[in-house]
Amino acid sequence: MKTGYRFSGALASAALLVSMAGVAFPAFAADGIAQLQRFVSAVQSAEGEFEQVVTSQSGRRPQEASGSFAYSRPGRFHWEYAAPYRQVLVGDGRSLWSWDPDLNQVTVREIGDALGATPAAILFGSTALEDGFELAEGGELDGLAWVDARPKNQESGFEALRIGMANGELRCMEMRDHFGQTTVIRFLRLRANPVFDEDRFRFSPPPGADLIGEAPGVTR
């Protein structure tokens, strides 16, 4: 059953070892907020792999997923689950596309300002973090400097976000939604600031796909 394989409560809703390349970060102390702000400022595009674990308050067996991702600010991304089921999410700057190959079903909606107060804004957003979040130092744990981020928009779909940083590198995201479900995403082999072809963040519904929603330039 395909449940829980989301990047965040609002975007592919759903954190992580990262090996950064292409950007040199100076050493930081335990100031997680400064590290996070520098990362968001310096890394305008990236690609890599991820591992995700979703747990619930009910004690149900954790749901594990993995895949690959790429993004280019603002609002363009390709987030693809490979296991246990393939699912593709693409943001082209205007629309958010979600494709389930098993069902050959495509869902599309406008992105609008949806990224502003979601965990996805850390990677894909266009505004300053402080516009969507209240940031606070979260202390040190497991070798990481943590940042606690609370959404200013109470309808963001989640209630708490923790971001783990080390030596200026993003290492971990932990999200808890209003139902007590916790999502942890670990980013692997992340490459910073690659140059992408424009087609990297375009999506065309496959032939015969069931299309739900409206998108510019798409005819049924």
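How many residues lie between β12 and β13 in their hairpin, and which residue in the turn has a positive phi? In this predicted model, β12 and β13 form a hairpin with 4 residues between them. The residue with the positive phi is Gly180, at about 85 degrees. The two strands run antiparallel and are joined by 4 bridges. Across this pairing, Glu174 stands opposite Val184 in β13.

The hairpin belongs to a wider fold. The chain holds 3 helices and 14 strands. Of these strands, 12 form an open sheet with mixed pairing. Their order is β9-β10-β11-β12-β13-β3-β4-β5-β6-β7-β8-β14. The edges are taken by β9 (133-141) and β14 (210-212). Each edge strand has a single partner, so one side of each is left without a neighbour in the sheet. From one strand to the next, the twist averages 20 degrees. Of the 220 residues, 47% count as buried. The accessible surface of the chain comes to about 10,900 Å². Carbon and sulfur atoms account for 48% of that surface.

One helix packs on several of these strands. Helix α1 spans residues 32-42. The helix lies across β4 (63-72), β9, β10 (144-151), β11 (158-166) and β12 (169-177). Relative to β11, helix α1 runs at about 90 degrees.

Within the sheet, β13 also pairs with β3. Strand β3 covers residues 45-55, and strand β13 covers residues 182-192. The two pair in the antiparallel sense over 9 bridges. Val53 stands opposite Val184 in β13. Val184 thus appears in both pairings, as it also stands opposite Glu174. Elsewhere along the β3-β13 pairing, Glu47 stands opposite Arg191 in β13. Thr183 also lies in strand β13. With a relative accessibility of 4%, Thr183 counts as buried, because the cut-off for burial is under 20%. The C-alpha atoms of Thr183 and Val54 are separated by 4.5 Å. Along the chain, these two residues are 129 residues apart.

Ser45 is a residue of strand β3. Its relative accessibility is 8%, so Ser45 counts as buried. The side chain of Ser45 reaches the backbone oxygen of Pro194 at 2.8 Å. Pro194 is also among the residues that Ser45 touches, when residues up to four places away in sequence are not counted. The other contacts on that list are Tyr71, Ser72, Arg191, Ala192, Asn193 and Phe196. Arg191 is the residue that stands opposite Glu47.

Aromatic pairs were then searched for. The whole structure contains 10 of them. In one, the rings of Tyr71 and Phe124 have their centres 5.6 Å apart. Their planes meet at 65 degrees, so the pair is edge-to-face. Tyr71 lies in strand β4 and Phe124 in helix α2 (residues 121-124), so the pair ties together parts that are 53 residues apart in sequence. Both Tyr71 and Phe124 are buried. A further edge-to-face pair is formed by Trp79 and Phe187. Here the distance is 6.1 Å centre to centre, with 80 degrees between the planes. Trp79 lies in strand β5 (residues 76-83) and Phe187 in strand β13, so this pair ties together parts that are 108 residues apart in sequence. Trp79 is buried, as is Phe187. Both residues belong to one aromatic cluster, together with Phe50, Phe69 and Tyr81.

A final site lies in a loop. Lys152 is found between β10 and β11. The relative accessible area of Lys152 is 43%, so the residue is partly exposed. Its side chain reaches the backbone oxygen of Glu130 at 2.6 Å. Not counting residues up to four places away in sequence, Lys152 touches Glu130, Asp131, Gly132, Phe133 and Glu134. The C-alpha atoms of Lys152 and Gly132 are separated by 5.6 Å, although the two are 20 residues apart along the chain.

Note on methods. Residues numbered from 1 in each chain as written. Predicted model: local features only at pLDDT ≥ 70, side-chain atom pairs only at ≥ 80, totals over all residues. Heavy atoms only, no water. Pairing = 2+ DSSP bridges. Axes fitted to C-alpha atoms, helices over the stretch in contact; angles between N-to-C directions. Contact = heavy atoms within 4.5 Å. Buried < 20%, exposed > 50% of the residue type's maximum accessible area, 1.4 Å probe, protein only. Polar contact = N/O pair within 3.5 Å; in protein donor to acceptor, adjacent residues only side chain to side chain. Phe/Tyr/Trp six-rings, centres within 6.5 Å; stacked < 30°, edge-to-face > 60°. Areas by Shrake-Rupley, 256 points an atom, 1.4 Å probe, with all protein chains shown as cover.
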